[in-house]
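This report walks through a structure for a reader who has not seen it before. The sequence and the coordinates come before the description.

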Amino acid sequence: MDRKLLAAYGAAALLLALAPRFLDAYWVDVLDNVGLYALLALSLNLILGDAGLFNMGQAAFYAVGAYTAAILSTRLGLPVLYALPLAGLAAAAFAAVVARPVLHLRGDYLLIVTVGLGEIVRIALVNDVFGLTGGANGIFGIPRPILFGHKVKRPEDFLYLIWGFVAVTVFLFHRLEQSRFGRALNYLREDPVAAEGSGVDTVRYKLMAFVLGAAWAGMAGSIYAAKMTIISPESFGFWESVILFLIVILGGSGSIPGVLLGAALVVGLPELFRGFATARMLVFGLVMMVMMVVRRQGLLPLRRVRFKAADVARAERERAAARPAPARAEVSP
Amino acid sequence: MPEPILEIRDLRVKYGNVEALHGVDLAVHPGEIVTILGANGAGKSTTLRAISGLLQPSAGEIRFEGRPAHTVPAHERVRLGIAQSPEGRRVFGTLTVRENLLLGAFTRKDKPGIADSLAFVYRLFPVLQQRRDQLAGTLSGGEQQMLAIGRALMARPRVLLLDEPSLGLAPLLVKAIFHAIREVNQTTGLTVLLVEQNARAALKLAHRGYVMEVGRIVLHDSAQALAADPKVQSAYLGGRK
């Protein structure tokens, strides 16, 4: 990780830590939501940004996590933070089962399947599947989490909980990017055939991306359940998946700082546009469209894409300077 | 004659309902350069893709070092020792030359060995070392072909499959690349199976050759004998010379 990025993270962390001193509860709550969407978008970024798998059903995994935590805490009395890893596991297991048969699909085809998956989960929840999900009303009375003997209740409590989790996630996902797993995902995204031909087990890595992304969305779901204390199917609709997709693409596919910035804009801008009253979503939509037109690669794209133009120029200069040295001379034994 | 390192028996491949290979038999011995010649659509690339596992045969056998390989998934075959430089090169345009090469060593965990292989590839193609931090998409066609071959060599294969390495390259570059293939073969004893449309260059490089026509092997012999064969000359070498 380069120094500039570390400094930016440090500054953001400091601002967030001090935010409750300057902002009222409403704006702190907006920051909580930004954090939740950042977590969810980072989870989707593994699947969509790193592995290049068009998943527009991320809300399904989010829902599985949230409902797992809600059911465990209301029915079995399990503290909601203990339910967090279990929610992640449940979402991961769910992803492993549903993603495996559709992994061979590419691009738009996979996208359609995942849209269907998201809808199936939402409708199953509405229909009170297994008699556990409470139908359209959802589940009430999810207990507040207790952290170090302190009840997490006010927006500023959640600010620290959520953004603490975001910080851990950012750290881990940056490590993951540098790992063999991260490299495999990048090869996979660029050219699955060449990756397979070079010994990358594409099916396994695609599945791992899905499972890990789902686990993270599931854990974010359990935090969401604890924050809201009430969850219902309408919180996990198609629109949520679209918003997450938008955050990743807008911020910069595969770029962790890009996704964080994307979450801040997509969740924060509609709040800033409240002055436009009923026209605020219109203004928001226009801003999105303009941003996509002028900056298709995302706000903070991956390093490689950003240096591309400079690289081409350098390569051409070098080639011009090296002429007329044919490659033949360079490979003679 | 030693045991073949790669042996194919009655290989059949179907695209949907259409059979593209109607029972191909072929053997490659350790240390050999063997070429498969043929016109467009004869089934050369299909044969190669079946060997590397990117296509599933509908019948027949592929044996590598005496063991059946056709049941092994493609990514595992790289570990066995079969690496392919695919048709059209397929380098990762948005990754650097070095990152592309390291992908070739994805199945390996021996760091010093990987460094050795990298040095070997750089010695073979010094231009790749000069351009190691450049994005592969900014390389010329010939350099990309060198990169594709280098990437396959990074897996330290025992058999190297080359699919049309001369495709779209200037004659000088073809010469350079074929020179490098011969050098690897002579210095390391690497076995090479080469699919080519450029029959003249391929027969100069190879020890033996097979000629394919519409999904069958119609002829096989030593490269010299093939080059002297009037039928081969008129069909693939542009007549007598």
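The text below covers the overall form of chain B, its two sheets, one of its helices, and a helix pair in chain A.

Residues are numbered from 1 along each chain as its sequence is written, while chains are lettered from A and ligands numbered from 1 in the order in which they are written. The model is predicted, so local features need pLDDT of at least 70 and side-chain atom pairs count only at pLDDT 80 or more, whereas totals for chains, interfaces and linings use all residues.

**Chain B as a whole**

Chain B holds ten helices and ten strands. Helices (H or I, at least four residues) and strands (E, at least two) are DSSP runs, numbered from the N terminus. The C-alpha trace of chain B spans about 45 × 45 × 35 Å along its principal axes. Its radius of gyration is 17 Å, which agrees with the value near 18 Å for a compact globule of 241 residues. That radius is taken over C-alpha atoms, and the globule rule is 2.2 Å times the number of residues to the power 0.38.

Of the 241 residues in chain B, 50% count as buried. A residue is buried if 20 or more other C-beta atoms lie within 10 Å of its own, exposed if 12 or fewer, and partly exposed in between, with C-beta atoms placed from the backbone. Among contacts in chain B with a separation of 6 or more, 68% are between residues 24 or more positions apart. Two residues are in contact if their C-beta atoms, placed from the backbone, lie within 7 Å.

**The six-stranded sheet**

In chain B, six strands form an open sheet in the order β6-β7-β8-β3-β9-β10, with mixed pairing. Two strands pair if DSSP finds at least two bridges between them. At the edges stand β6 (82–85) and β10 of chain B; each has a single partner strand, so one side of each is left without a neighbour in the sheet. Neighbouring strands are turned by 20 degrees against each other on average, direction ignored. Helix α6 (residues 141–153) of chain B packs on this sheet, where it touches β6 and β7 of chain B, and its direction makes about 170 degrees with that of β6(B). Axes are lines fitted to C-alpha atoms, for helices over the stretch in contact, and angles run from 0 to 180 degrees between N-to-C directions.

Strand β9 (residues 208–213) of chain B has five of its six residues buried. A hairpin joins β9(B) to β10(B) with two residues between them, and Val214(B) in the turn has a positive phi of about 30 degrees. Met212(B) is the bridge partner of Gly38(B), and Met212(B) also has Ile217(B) in β10(B) as a bridge partner.

**The four-stranded sheet**

A second open sheet in chain B has four strands in the order β2-β1-β4-β5, and the pairing is antiparallel. Its edge strands are β2 (18–28) and β5 (67–68) of chain B, each paired on one side only. Two residues separate β1(B) and β2(B) in their hairpin, where Gly16(B) takes a positive phi near 65 degrees.

The table lists strand pairs from both sheets.

| Strand pair | Sense | Bridges | One bridge pair |
|---|---|---|---|
| β3(B) and β9(B) | parallel | five | Gly38(B) and Met212(B) |
| β9(B) and β10(B) | antiparallel | six | Met212(B) and Ile217(B) |
| β6(B) and β7(B) | parallel | four | Ser85(B) and Leu162(B) |
| β1(B) and β4(B) | antiparallel | five | Glu7(B) and Arg63(B) |
| β1(B) and β2(B) | antiparallel | eight | Tyr15(B) and Val18(B) |

**A covered helix in chain B**

Helix α1 (residues 44–52) of chain B is mostly covered, with nine of its nine residues buried. Among them are Lys44(B), Arg49(B) and Ile51(B). After α1(B) comes Gly53(B), which has a positive phi near 95 degrees.

**A helix pair in chain A**

Helix α3 (residues 58–75) and helix α5 (residues 107–126) of chain A pack at an angle of about 30 degrees, their axes 8 Å apart. The two helices α3(A) and α5(A) are therefore roughly parallel, a term for angles under 35 degrees. On the α3(A) side the contact includes Ala59(A), Ala63(A) and Tyr67(A), and on the α5(A) side it includes Leu117(A), Gly118(A) and Val121(A). By class, this contact has eight nonpolar, one polar and no charged residues. Ala, Val, Leu, Ile, Met, Phe, Trp, Tyr, Cys and Pro count as nonpolar, Asp, Glu, Lys and Arg as charged, and the others, Gly among them, as polar.

Ile112(A) is also found in α5 of chain A. Ile112(A) counts as partly exposed because it has 15 C-beta neighbours inside 10 Å. Met56(A) lies 56 residues from Ile112(A) in sequence and 7.8 Å from it in space, C-alpha to C-alpha.

Note on methods. Angles under 35 degrees count as roughly parallel, over 145 as roughly antiparallel, 65 to 115 as roughly perpendicular and the rest as oblique.
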